[in-house]
Amino acid sequence: MPKRYTKRKLEVFAIHAHIDKSQVDYQVLFKTIADIAAEDRQIDGDERLYAVPTFEIKDGIASFVCYEGERGLNPLIFNTSNAKERVEKLKRGEILATKTHGIIDIKNRIAIVEYNHRGAKAHDLAKVFEDCGRNSSKFPSLTIEFNPVVDEEFVKAIERFQRIRLASLRVAKPNINWSDHYHNLTEVAEDSDAQAMEVTFTASRGKTLSAKAGIVHFIKDLVRDKLSIIKSAKVLGTRENETAETAVSLAHHVEHQKVRVKLNDDGHVESDDIEKRMQGYLHSRHERKAK
């Protein structure tokens, strides 16, 4: 039987970790996570389970597989030959799972994560790793954020607006503290010892927010950071010769690459193949940034 293929989107995220006011040693952090027993690298919520039984480090790159599934959901199987259904009962401790693959460049604090509509997302992975770290005596107050790395088209789309009516953003705490960024906007977050900050600015009736200063400039400046602290952003406005508003959302501008990957005989992505594609994407990013 010839090999089957499918397409997958590989998204890029910047990693920020915190322990109170101290700087995190990322090499030690991810080595600690790798040393945890496979069955202990998981978080079990009220309904959903996230487990990372595979987490391996080689040459400074961590590769992992996360399984996500709903507790108590038995697979519903439909037989097309007789048009009948049946429910397959799972054994104790089993879930119907979806796999998500990813790699982490530990030195550069960059993660590349397979986007899977039904699987774990980047923020779910961050929570699993955060929980793993907190279970170690080395990182009792650990917090981890996976922030999307924004593509170049996001700023270009904002700059096409003739009038900007609304701009909003949500940012996570930088790697050390809030003082690394604009004091006027972040001093309240610093004083509050906040982990994240969310703000929305709206223009006066018939007027526009400044495109060269204030919140819009702040958004454009933040997304250009090598390790961005921005988690989400949206700008609403109208373009020249248009009357209807257009929304530009960061969620649609995460840096990514679409790749063609092999499927195994059961119709699932081959882990070795998608990891190879991720490694290639990471290498090409390094080469591009170095130019």
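**Exercise 1. Place R109 and its partner.**
Between the side chains of R109 and H16 there is a polar contact of 3.3 Å. Say where R109 lies in the chain, and whether R109 is buried or exposed.

*Solution.* Start with the ground rules. This is a predicted model, in which local features need pLDDT of at least 70 and side-chain atom pairs need pLDDT 80 or more, while totals for chains, interfaces and linings use all residues. Residues are numbered from 1 along each chain as its sequence is written, and side-chain values use heavy atoms, leaving out hydrogens and water.

Step 1: check the contact. A polar contact is a pair of N or O atoms within 3.5 Å, one able to donate a hydrogen and the other to accept it; residues adjacent in sequence count only if both atoms are side-chain atoms. The R109–H16 pair has a value of 3.3 Å.
Step 2: locate the residue. R109 sits in the loop between β7 (96–105) and β8 (110–115). Helices (H or I, at least four residues) and strands (E, at least two) are DSSP runs, numbered from the N terminus.
Step 3: read its accessibility. R109 is buried, because its relative accessibility is 13% (buried is under 20% relative accessible area, exposed over 50%, partly exposed in between, with a 1.4 Å probe and protein chains only).

**Exercise 2. Describe the whole chain.**
Give the secondary structure, the box and the buried share of the chain.

*Solution.* Step 1: count the elements. The chain has six helices and 14 strands.
Step 2: take the extent. Along the principal axes, the C-alpha atoms fill a box of roughly 65 × 50 × 45 Å.
Step 3: take the burial. Of the 291 residues, 44% count as buried.
Step 4: look at contacts (heavy atoms within 4.5 Å). Among those with a separation of 6 or more, 67% join residues 24 or more positions apart.

**Exercise 3. Map the nonpolar cores.**
Which elements give two or more residues to the largest nonpolar core?

*Solution.* Step 1: size the core. The largest nonpolar core has 31 residues (buried Ala, Val, Leu, Ile, Met, Phe, Trp, Tyr and Cys joined through side-chain atoms within 4.5 Å). L29, F30, F55, I104, F129, I144 and F146 have the most contacts inside it.
Step 2: list the elements. They are β1 (4–19), α1 (26–35), β3 (48–58), β4 (61–70), β8, α2 (122–134) and β9 (142–148). The largest share of this core, six residues, comes from α2.
Step 3: zoom in on I144. Not counting residues up to four places away in sequence, I144 touches I15, H16, A17, L29, A126, F129 and E130.
Step 4: find the other core. Another core of 26 residues lies apart from the largest one; V150, F154, V216 and L222 are among its residues.

**Exercise 4. Judge helix α5.**
Why is α5 said to be largely enclosed by the rest of the structure?

*Solution.* Step 1: count. Seven of the 10 residues of α5 (214–223) are buried, so the helix is largely enclosed.
Step 2: name them. The buried residues are I215, V216, F218, I219, K220, L222 and V223.

**Exercise 5. Describe the largest pocket.**
State the space in the largest pocket and the make-up of its lining.

*Solution.* Step 1: take the volume. The largest pocket holds about 510 Å³ of space.
Step 2: find its centre. Of the 19 lining residues, V149, V150, E255, R285 and K289 are the closest to it.
Step 3: find the helices. α3 (153–159) and α6 (271–290) each supply at least two lining residues. The largest share, four residues, comes from α6.
Step 4: sort the lining. It divides into six nonpolar, three polar and 10 charged residues.

**Exercise 6. Compare two loop residues.**
Place A83 and N241, and give the phi of each.

*Solution.* Step 1: recall the rule. Most residues other than glycine have a negative phi.
Step 2: take A83. Its phi is positive, about 55 degrees, although A83 is not a glycine. A83 lies in the loop between β5 (76–79) and β6 (84–87). A83 is exposed, at 55% relative accessible area.
Step 3: take N241. Its phi is also positive, about 65 degrees, and N241 is not a glycine. N241 lies in the loop between β12 (230–239) and β13 (246–249). N241 is exposed, at 77%.

**Exercise 7. Trace R160.**
Which residues is R160 in contact with, leaving aside its neighbours within four places in sequence?

*Solution.* Step 1: locate R160. The loop between α3 and β10 (161–172) holds R160. R160 is partly exposed, at 45%.
Step 2: name the partners. They are E153, R239 and E240.
Step 3: check one distance. R160 and R239 are 79 residues apart along the chain, yet their C-alpha atoms are separated by 6.2 Å.

Note on methods
1 Å grid on protein atoms, 1.4 Å probe; cavity = no way out; pocket = protein on both sides within 12 Å on 5 of 7 lines; lining within 4 Å. Points joined across faces, edges and corners; volume = space filled by probe spheres on them. Nonpolar A, V, L, I, M, F, W, Y, C, P; charged D, E, K, R; others polar.
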